[in-house]
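Reader: Could you walk me through the aromatic rings of this structure? I am new to it.

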Amino acid sequence: NKYLFADNFEFTNCAAQKTYNKSEYLKFLNATKNLTLNCTNTFEILDESGQACIAKVTMAFDNFVRVDYITMRQGEEGWKISKVVSTYPEK
């Protein structure tokens with residue numbers, strides 16, 4: 001996971017109004033390593049231009065929907081995730 005995220009990675013949870021950096025998010029991922037989510041996933045590339053890309057991942061659970069907007073950048077080491085913003089729109 002540490003190679004997947006850019007050094008300045010940022011995760012924002014809009015519902016909790018909290019933002020986490022790379023080390024905080026990696027700590028969370030390691031703590032929930034075997035977590036399985038019971039949801040249907042879809043994704044789409046919203047825009048890709050040169051060395052930047054924005055994707056949308058929708059996770060539909062029984063009682064709510066989570067939408068992640070993911071920003072990726074291509075650098076010397078390949079594509080890395082630089083930002084994730086999680087939202088919870090009305091279903």
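Reader: Which residues form one aromatic cluster?

Author: This is a predicted model, where local features need pLDDT of at least 70, side-chain atom pairs count only at pLDDT 80 or more, and totals for chains, interfaces and linings use all residues. Residues are numbered from 1 along each chain as its sequence is written, and side-chain values use heavy atoms, with hydrogens and water left out. Rings of Phe, Tyr and Trp (its six-membered ring) pair if their centres lie within 6.5 Å; planes under 30 degrees apart count as stacked, over 60 as edge-to-face and the rest as tilted. One cluster is made up of Phe5, Phe9, Phe11, Tyr20, Tyr25 and Phe28.

Reader: How many aromatic pairs are there by this rule, and how far apart in sequence are the parts that Phe9 and Tyr25 tie together?

Author: The count comes to eight aromatic pairs. Among them is the tilted pair of Phe9 and Tyr25, at 5.3 Å centre to centre with 40° between the planes. Phe9 lies in strand E1 (residues 5-13) and Tyr25 in helix H1 (residues 22-31), helices (H or I, at least four residues) and strands (E, at least two) being DSSP runs numbered from the N terminus. The pair therefore ties together parts that are 16 residues apart in sequence.

Reader: Are Phe9 and Tyr25 buried or exposed?

Author: Buried means under 20% relative accessible area, exposed over 50%, and partly exposed in between (1.4 Å probe, protein chains only). By that scale, Phe9 and Tyr25 are both buried.
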